[in-house]
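Hi everyone, thanks for making time. I've got one structure to walk you through today, so let me put it on the screen.

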Amino acid sequence: MTRISLLSAVLSPNGWYCVVGLKKTGAPRQIFVETLADVDRETDQLVADGYDAYFACAKYEKSGSRTHNNVKDIQSFWMDIDCGVGKPYADQLAGADALRTFCRTLGLPRPWLVNSGRGIHAYWPLQSP
């Protein structure tokens with residue numbers, strides 16, 4: 001799965017994309033762009049600059065703000081499963097086992113999974129925003 005295929009499935013085509021860069025120290029970088037090609041380019045640049053890069057799970061009305069009152073569309077449900085020392089799950093295998101149980105218990109379909117480094121991001125794309 002490519003970055004663009006994932007984002008095309010879990011984000012609405014309407015509104016601004018937001019890419020966020022985080023480092024252990026310093027302020028996060030938020031970059032708002034209009035196209036998936038721009039997301040791809042900005043993500044690569046953040047990584048080259050030493051940031052961990054993430055995307056916002058919503059699309060926004062205006063550039064510059066990831067607050068709830070600026071959300072234009074949401075086109076998926078998602079979950080961040082923290083794994084590792086001091087986290088709810090010892091490792092990704094334990095997190096994945098818990099996710100399978102969660103999905104089975106609630107009757108949810110299998111989500112799209114992304115290795116988030118030490119944890120797991122799970123996405124359930126919706127057909128429309």
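I'll go from the overall fold to one sheet, then to the salt bridges, and finish with a proline in a loop.

First, a reminder that what you're looking at is a predicted model. Okay, the overall picture. The protein chain has three helices and eight strands. If you walk along the sequence, the order goes α-β-β-α-β-β-β-β-α-β-β. The radius of gyration is 15 Å, and the globule rule gives 14 Å for 129 residues, so this chain is as compact as a globular protein of that length. In terms of extent, the C-alpha trace spans about 40 × 35 × 30 Å along its principal axes.

A few more numbers on the chain as a whole. Of the 129 residues, 33% are buried. The exposed surface comes to about 8000 Å², with carbon and sulfur atoms supplying 53% of that. And if you take the contacts between residues at least 6 apart in sequence, 56% of them join residues at least 24 apart.

Now the sheet I want to show you. Which order do its three strands come in? It's β6-β8-β7, an open sheet with antiparallel pairing. On the edges you've got β6, residues 76-81, and β7, residues 112-115, and each of those pairs on one side only. Neighbouring strands in this sheet are turned by 20 degrees against each other on average, ignoring direction. Then there's helix α3, residues 92-106, which packs on the sheet and touches β6, β7 and β8. The direction of α3 makes about 30 degrees with that of β8.

Let me zoom in on β7 and β8. Strand β8 covers residues 120-125, and four bridges join β7 to β8, with the two running antiparallel. If you want to check the register on your screen, Trp-112 has Tyr-123 in β8 as its bridge partner, and Val-114 stands opposite His-121 in β8. The hairpin made by β7 and β8 has four residues between the strands. Have a look at Gly-117 in that hairpin, since it takes a positive phi, near 115 degrees.

Okay, charges next. Side chains of opposite charge can pair when their charged atoms come close. How many salt bridges turn up in a search of the whole structure? Seven. I'll go through some of them.

Start with Asp-44 and Arg-3, whose side chains meet in a salt bridge at 3.1 Å, N to O. That pair links distant parts of the chain: Asp-44 sits in helix α2, residues 36-48, and Arg-3 in helix α1, residues 3-10, and they're 41 residues apart. As for how covered they are, Asp-44 is partly exposed, with a relative accessible area of 44%, and Arg-3 also counts as partly exposed, at 33%. There's another residue to bring in here, because Arg-3, Asp-40 and Asp-44 are linked in a network of salt bridges.

Next up, Glu-61 and Lys-72, with a salt bridge at 3.9 Å, N to O. Glu-61 is in the loop between β4 (59-60) and β5 (71-73), while Lys-72 is in strand β5 itself, so this pair ties together parts that are 11 residues apart in sequence. Glu-61 is partly exposed at 43% relative accessibility, and Lys-72 is partly exposed too, at 37%.

Then we're back on helix α3 for Arg-100 and Asp-97. Their closest N and O atoms are 2.3 Å apart in this salt bridge. The two residues are three apart in helix α3, so about one helical turn separates them. Both count as partly exposed, Arg-100 at 43% relative accessibility and Asp-97 at 37%.

Last stop, the proline. Where is Pro-28? In the loop between β1 (17-22) and β2 (29-33). Leaving out residues up to four places away in sequence, Pro-28 touches Val-20, Gly-21 and Leu-22. You can also find Ala-53 from there: Pro-28 and Ala-53 are 25 residues apart along the chain, and their C-alpha atoms are separated by 9.9 Å.

That's my tour, so over to you for questions.

Technical notes: Residues numbered from 1 in each chain as written. Predicted model: local features only at pLDDT ≥ 70, side-chain atom pairs only at ≥ 80, totals over all residues. Heavy atoms only, no water. Pairing = 2+ DSSP bridges. Axes fitted to C-alpha atoms, helices over the stretch in contact; angles between N-to-C directions. Contact = heavy atoms within 4.5 Å. Rg over C-alpha atoms; globule rule 2.2 N^0.38 Å. Buried < 20%, exposed > 50% of the residue type's maximum accessible area, 1.4 Å probe, protein only. Areas by Shrake-Rupley, 256 points an atom, 1.4 Å probe, with all protein chains shown as cover. Salt bridge = Lys/Arg side-chain N within 4 Å of Asp/Glu carboxyl O.
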